[in-house]
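User: I should like to take a close look at one part of a protein and to see how that part sits in the whole. Please explain the terms as you go.

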Amino acid sequence: SGRQIFQPLHTLRAAEKELLPGFHQFEWQPALKNVSASCNLGIINGLSGWASSVDDSPADTITRRFRYDVALVSALKDLEEDIMEGLRESGMEDSACTSGFSVMIKECCDGMGDVSEKHGGGPAVPEKAVRFSFTIMSISVQAEGETEEVAIFREPKPNSELSCKPLCLMFVDESDHEMLTAVLGPIVAERNAMKESRLILSIGGLLRSFRFHFRGTGYDEKMVREMEGLEASGSTYICTLCDSSRADAAQNMVLHSITRSHDENLERYEIWRTNPFSESADELRDRVKGVSAKPFLETQPTLDALHCDIGNATEFYKIFQDEIGEVYKRVNPSREERRSWRAALDKQLRKKLKLKPVMRMNGNYARRLMTQEAVEVVCELVPSDERKEALRELMRLYIQMKPVWRATCPAKECPDQLCRYSFNSQHFADLLSSTFKYRYNGKITNYLHKTLAHVPEIIERDGSIGAWASEGNESANKL
């Protein structure tokens with residue numbers, strides 16, 4: 001509309017000030033360790049709460065945040081009507097339900113690339129930023145004397161930027177591990193304090209007590225590896241959920257189970273640090289499966305649906321090029337040849353699908369590329385008929401599998417695909433290891449491995465992958 005909707009803070013009207021953290025009264029029982037008891041804090045300096053010792057260099061970065069508990073209170077008060085509505089609908093006597101609420105929080109954190117001032121004369125800051133945010137996914141209540149919890153609120157759009165509340169914005173490069181951990185340190189400390197305590201807050205005119213459960217699922221693979229102390233994503237240990245190496249994963253594409261966890265990563269880091277068996281570097285690294293830094297923030301091992309899309313589309317894009325050049329027949333084609341196939345592919349996609357080539361694969365391009373229609377267009381350039389069939393089959397299987405890790409609630413939205421997932425992924429893996437063997441001999445991409453091996457298990461555990469993804473945070477970055 002061209003109107004500026006984000007006003008500077010001092011012009012906000014009284015009604016809007018109520019929506020900002022720091023307006024509502026609350027208390028914690030027992031009081032939070034190392035966190036002040038005041039509840040009327042608005043935006044604070046992101047470095048406050050970070051005790052620097054004498055020999056620490058002061059963190060010279062600009063960061064602003066809300067105190068975690070203050071922000072959670074504000075988010076709960078936003079949902080006050082929904083909570084009351086939920087209590088009424090589940091037939092719970094309003095006055096009987098004052099305790100036993102539990103709140104499930106999804107945490108997201110993502111780096112924001114280039115945020116340089118386009119025409120400003122502000123302070124010089126690094127041109128990268130990181131945002132940390134949270135979403136209230138569900139609120140349930142266990143009534144006195146009952147064993148079952150009843151969900152009284154579920155976030156209908158868990159991936160909308162509207163349900164994704166920013167907690168901390170920092171001018172930090174997400175690759176700068178030291179600075180990132182320094183700035184997120186106080187948030188981790190507050191989160192740990194809140195796990196041990198209950199929030200007492202007035203909702204619907206009565207004081208009620210809430211417990212919080214935090215699940216860090218909104219991280220892309222790069223961020224997860226950084227937070228959990230794993231080697232970078234080019235490592236031979238390709239998975240953030242299991243211990244398999246790239247060669248294992250290419251050999252056995254489907255049968256893996258989730259083994260990694262935050263606690264295990266901490267134990268492994270200790271082994272890495274102390275080397276109790278006096279092993280060589282290679283033996284030690286194999287023992288700890290690539291954990292070589294201290295895990296810093298607990299993440300929930302899951303799969304990031306958005307980047308999964310992008311990673312797999314990149315892979316298909318490369319397969320398309322290889323098929324146009326019939327790589328399965330030849331040994332190592334020259335750079336020029338590869339370039340010409342890529343040009344042919346881009347030209348064809350642009351002409352028939354109006355898909356402009358992109359520098360880096362993005363979500364929208366991935367969605368357009370991963371369609372049966374796109375395969376038909378590519379097949380026009382593929383010489384052999386049986387290769388065309390194989391490509392069509394590959395895409396058909398992929399399209400069957402995709403809704404399972406995209407849907408907010410797969411059991412409701414695509415039950416058939418969910419049932420057939422393991423079968424489809426097995427079939428998909430067989431195709432890759434036979435027809436497309438030239439690409440998957442001893443190597444496989446990280447996201448392809450996760451798509452084939454881990455999806456059913458994650459869904460069985462969490463009920464959904466899509467709902468826990470990082471889109472809400474990603475789309476709010478654009479704001």
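How far apart are the mean positions of the 62 positive and 72 negative charges of the protein? After that, please look closely at residues 301-463, which carry a UniProt domain annotation.

Analyst: The two mean positions are 6 Å apart, for 62 positive and 72 negative charges. Lys and Arg count as positive, Asp and Glu as negative, and His and the chain ends are not counted. Each charge is placed at NZ of Lys, CZ of Arg, CG of Asp or CD of Glu.

The model is predicted: local features need pLDDT of at least 70 and side-chain atom pairs pLDDT 80 or more, while totals for chains, interfaces and linings use all residues. Residues are numbered from 1 along each chain as its sequence is written, and side-chain values use heavy atoms, without hydrogens or water.

The whole protein comes first, as a setting for the part. It has 19 helices and 9 strands; these are DSSP runs, numbered from the N terminus, of H or I over at least four residues for a helix and of E over at least two for a strand. The radius of gyration is 25 Å, close to the 23 Å that the globule rule gives for 479 residues, so the protein is as compact as a globular protein of that length. This radius is taken over C-alpha atoms, and the rule is 2.2 Å times the number of residues to the power 0.38. Along the principal axes, the C-alpha atoms fill a box of roughly 70 × 55 × 55 Å. Of the 479 residues, 50% are buried, where buried means under 20% relative accessible area, exposed over 50%, and partly exposed in between (1.4 Å probe, protein chains only).

Now to the part itself. An unreviewed UniProt entry annotates residues 301-463 as "domain: V(D)J recombination-activating protein 1 ZnH2"; such annotations may be inferred rather than shown by experiment. Over this stretch the chain is 74% helix and 0% strand, and its end C-alpha atoms lie 14 Å apart.

Helix 10 spans residues 335-353, and a loop joins it to helix 11 (363-369). Gln348 lies in helix 10 and counts as buried because its relative accessibility is 7%. What does Gln348 touch, leaving aside its neighbours within four places in sequence? Its contacts are Leu353, Val377, Glu380 and Leu381, a contact being heavy atoms within 4.5 Å. Gln348 and Ala374 are 26 residues apart in sequence, with 9.7 Å between their C-alpha atoms. In the protein as a whole, 71% of the contacts with a separation of 6 or more are between residues 24 or more positions apart.

Lys354 is placed in the loop between helix 10 and helix 11. Is Lys354 buried or exposed? Lys354 is exposed, because its relative accessible area is 65%. Its phi is positive, about 55 degrees, although Lys354 is not a glycine. Most residues other than glycine have a negative phi.

Helix 17 covers residues 446-453, and 8 of its 8 residues are buried. Among them are Tyr447, Leu448 and Leu452, together with His449 and Lys450.

A neighbouring annotation offers a useful comparison. In an unreviewed entry, UniProt lists residues 237-299 as "domain: V(D)J recombination-activating protein 1 ZnC2". That stretch is 43% helix and 0% strand, with its end C-alpha atoms 18 Å apart.
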